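The following exercises are to be worked with the sequence and the three-dimensional model side by side. Each task is followed by a solution in steps.

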Amino acid sequence: MGNKLHRLGLAAYDHPLRVILFWAVTLIILGFTASQLIKPTSSAISIPGTDAQKALDRMSAFFPEAGRGSARVVFAAPEGKTIDDYKEVVTNSTKELSLIGDVSGAVDYTVNPSELSADKTIAYTQLQLRNGSGNISDETIKSIQDVV
């Protein structure tokens, strides 16, 4: 084994241009192959045939809107004021948010009082999105930002 490695080293030393060319061609071929075979990453997990996957599929059939992406819009009242002073603004914003195409529902603190802080200076509007959290379009994000 030692003799074979010695001869390989001597051959590489005697023909450095060939060795460099060999490695350059090898790296180009590997890079091209990797670029053609690469797939985009996904956070979706699916293991067909398992009990857990069957349960998830069944839940999706009964509750198609559940388990998708969600977002929270935070409303904060300025110092010396409470959210109730801006109740109409929060309610109107929630209605506008619910009209965005990829938003399937919006709930503010008037419907769910647990979305209001104890000192009544911060409130949330919970958004239920039609797509999963990794599949929210830039257009949807921009529309939400425009309303806010």
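**Exercise 1. A loop residue**

Is Ser46 buried or exposed? The model to be used is a predicted one.

Solution. Begin with the location: Ser46 lies in the loop between α2 (16–37) and α3 (51–62). Next, take the relative accessible area, which is 52% for Ser46. The cut-off for an exposed residue is over 50%, so Ser46 counts as exposed. Finally, place Ser46 relative to a distant part of the sequence: Ser46 and Asn131 are 85 residues apart along the chain, and their C-alpha atoms are separated by 16 Å.

**Exercise 2. The length and cover of helix α2**

Determine what span α2 should have at 1.5 Å a residue, and how many of its residues are buried.

Solution. The first step is the expected length: at 1.5 Å a residue, the 22 residues of α2 should span 32 Å. The second step is the comparison with the model, where the end C-alpha atoms of α2 are 32 Å apart, in agreement with the expected value. The third step concerns cover: the count of buried residues in α2 is zero, and the helix is hardly covered. Leu30 serves as an example from this helix. Its relative accessibility is 53%, and Leu30 therefore counts as exposed. Leu30 and Val111 are 81 residues apart in sequence, and their C-alpha atoms are 57 Å apart in space.

**Exercise 3. The two sides of helix α4**

Establish which residues of α4 are buried, and what covers them.

Solution. Check the helix itself before its environment. At 1.5 Å a residue, the 12 residues of α4 (residues 87–98) should span 16 Å; the end C-alpha atoms are 17 Å apart, which agrees. Then list the buried residues of α4, which are Val90, Ser93, Thr94 and Leu97. These residues cover an arc of only 100° around the axis, and they are therefore on the same side of α4. The underlying principle is that an α-helix has 3.6 residues a turn, so residues three or four places apart point the same way. On the other side of α4, Glu88 and Lys95 are exposed.

The cover over the buried residues includes the strands β1 (70–76), β2 (103–107) and β3 (122–129), together with helix α5 (138–147). Ser93 illustrates the buried side: its relative accessibility is 12%, so Ser93 counts as buried. Leaving aside residues up to four places away in sequence, Ser93 touches Phe75 and Val147.

**Exercise 4. Salt bridges**

How many salt bridges are counted, and which residues form them?

Solution. Start from the principle that side chains of opposite charge can pair when their charged atoms come close. The criterion is a side-chain nitrogen of Lys or Arg within 4 Å of a carboxyl oxygen of Asp or Glu. By this rule there are two salt bridges.

- Glu115 pairs with Arg72, with 3.6 Å between the closest N and O atoms. This pair links distant parts of the chain, since Glu115 is in the loop between β2 and β3 and Arg72 is in strand β1, 43 residues apart. Glu115 has a relative accessibility of 8% and so counts as buried, whereas Arg72, at 48%, counts as partly exposed.
- Lys142 pairs with Asp146, with 3.0 Å between the closest N and O atoms. Both residues lie in helix α5, four residues apart, about one turn of the helix. Lys142 is partly exposed at 47% relative accessible area, while Asp146, at 53%, counts as exposed.

**Exercise 5. A backbone angle and a surface patch**

What is the phi value of Lys120, and which residues make a nonpolar surface patch?

Solution. For the backbone, phi of Lys120 is near 60°, a positive value in a residue other than glycine. Lys120 is in the loop between β2 and β3, and its relative accessible area of 38% makes Lys120 partly exposed. For the surface, Met1, Leu5 and Leu8 make a nonpolar patch of about 390 Å². Met1 lies in the segment before α1 (2–14), and at 75% relative accessibility Met1 counts as exposed.

Definitions and conventions. Residues are numbered from 1 along each chain as its sequence is written. This is a predicted model: local features need pLDDT of at least 70, side-chain atom pairs count only at pLDDT 80 or more; totals for chains, interfaces and linings use all residues. Side-chain values use heavy atoms; hydrogens and water are left out. The expected span of a helix is 1.5 Å times one less than its number of residues. Buried means under 20% relative accessible area, exposed over 50%, partly exposed in between (1.4 Å probe, protein chains only). The arc is that of the directions from the helix axis to the C-beta atoms. Contact means heavy atoms within 4.5 Å. Patches are made of residues with over 30% relative accessible area and no salt bridge: like charges are joined within 9 Å, nonpolar side chains (Val, Leu, Ile, Met, Phe, Trp, Tyr) within 5 Å. Accessible areas come from the Shrake-Rupley method with a 1.4 Å probe; for residues, only the protein chains shown count as cover.
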